[in-house]
Amino acid sequence: MTRLHIDWTACEGRGACVELLPELLYRDEWGYPLAREKQPQVPPALEGHARRAVRDCPRLALRFVET
Ligand code: SF4
């Protein structure tokens, strides 16, 4: 099972990841991404977008966690 992890110490909160993964993430009032679920699981249909979000995060604040 693949989950998405956000490193809050690195995130700069511009929300590019939210635009790629609105099914999993939304912006808080300051623009930081929040997961719609406590530990957002990446469904197979969203793996491509999730990989792009991880790859393109300017702060390397997103990563996959295999559980
Ligand atoms: S793309 Fe990276 S730095 Fe930007 S909001 Fe998402 S996790 Fe934070």
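## Exercises on a predicted model

Arg51 has a relative accessibility of 49% and therefore counts as partly exposed. The structure is a predicted model, and the exercises below examine its residues in turn.

### Exercise 1. The salt bridge of Arg51

Determine which residue meets the side chain of Arg51 in a salt bridge, and describe where both residues lie.

Solution. Begin with the cut-off: a side-chain nitrogen of Lys or Arg must lie within 4 Å of a carboxyl oxygen of Asp or Glu. The side chain of Arg51 satisfies this with Glu47, at 3.6 Å from N to O. Next, place the pair in the fold. Both residues belong to helix α2, which covers residues 47–56, and they stand four residues apart, about one turn of the helix. Finally, consider accessibility. Glu47 has a relative accessible area of 29%, so Glu47 is partly exposed; Arg51, at 49%, is likewise classed as partly exposed.

### Exercise 2. A network in helix α2

State which residues are linked with Arg52 in a network of salt bridges, and trace the links.

Solution. The first step is the pair Arg52 and Asp56, whose closest N and O atoms are 3.4 Å apart. These two residues are also four residues apart within helix α2, about one turn of the helix. The second step is the pair Asp56 and Arg55, with the closest N and O atoms 3.0 Å apart. Joining the two steps gives a network of Arg52, Arg55 and Asp56. As a general principle, side chains of opposite charge can pair when their charged atoms come close.

The accessibilities complete the picture. Arg52 is partly exposed at 41%, and Asp56 is partly exposed at 38%. Arg55, by contrast, counts as exposed, with a relative accessibility of 59%. In total, the structure has four salt bridges by the rule applied.

### Exercise 3. A charged residue without a salt bridge

Establish where Asp28 lies, whether Asp28 is buried or exposed, and which side chain of opposite charge is nearest.

Solution. Asp28 is located in the loop between β2 (25–27) and β3 (33–35). Asp28 is buried and has no salt bridge. The nearest side chain of opposite charge is that of Arg27, 7.7 Å away, whereas a salt bridge requires a separation within 4 Å. A polar atom of the Asp28 side chain does, however, lie 2.8 Å from the backbone nitrogen of Trp30.

### Exercise 4. Strand β1 and its partner

Explain why strand β1 is largely enclosed by the rest of the structure, and describe how β1 pairs with strand β4.

Solution. Strand β1 spans residues 2–6, and four of these five residues are buried, so the strand is largely enclosed by the rest of the structure. Two residues of the strand may be examined individually. Thr2, which lies in β1, has a relative accessibility of 16% and therefore counts as buried, the limit being under 20%. Ile6, also in β1, is buried at 10%.

The pairing comes next. Strands β1 and β4 (residues 62–66) run in the antiparallel sense and are joined over five bridges. Within this pairing, Arg3 has Val65 of β4 as its bridge partner. In addition, the side chains of Thr2 and Glu66 make a polar contact at 3.1 Å.

### Exercise 5. Leu60 and His49

Find where Leu60 lies and what is stated of its phi angle, then identify how far Leu60 and His49 are from Ile6 and Leu21, respectively.

Solution. Leu60 occupies the loop between α2 and β4. Its phi is near 50 degrees, a positive value in a residue other than glycine. With a relative accessible area of 68%, Leu60 is exposed. The C-alpha atoms of Leu60 and Ile6 are separated by 9.2 Å, although the two residues are 54 residues apart along the chain.

His49 is part of helix α2 and is partly exposed, at 42%. His49 and Leu21 are 28 residues apart in sequence, yet their C-alpha atoms are 6.6 Å apart.

### Exercise 6. The shell around the ligand

Classify the residues around the ligand as nonpolar, polar or charged.

Solution. The residues around the ligand include Cys11, Cys17 and Cys57, together with Pro33 and Pro58. Others among them are Glu12, Arg14 and Arg59, as well as Gly13 and Gly15. Ala61 and Leu62 also belong to this group. By class, the shell has seven nonpolar, two polar and three charged residues.

Terms used:
Residues are numbered from 1 along each chain as its sequence is written. This is a predicted model: local features need pLDDT of at least 70, side-chain atom pairs count only at pLDDT 80 or more; totals for chains, interfaces and linings use all residues. Side-chain values use heavy atoms; hydrogens and water are left out. A residue is near a molecule or strand if one of its heavy atoms lies within 4 Å of it. Ala, Val, Leu, Ile, Met, Phe, Trp, Tyr, Cys and Pro count as nonpolar, Asp, Glu, Lys and Arg as charged, and the others, Gly among them, as polar. Buried means under 20% relative accessible area, exposed over 50%, partly exposed in between (1.4 Å probe, protein chains only). Two strands pair if DSSP finds at least two bridges between them. Lys and Arg count as positive and Asp and Glu as negative; His and the chain ends are not counted. A polar contact is a pair of N or O atoms within 3.5 Å; within protein, one must be able to donate a hydrogen and the other to accept it, and residues adjacent in sequence count only if both atoms are side-chain atoms.
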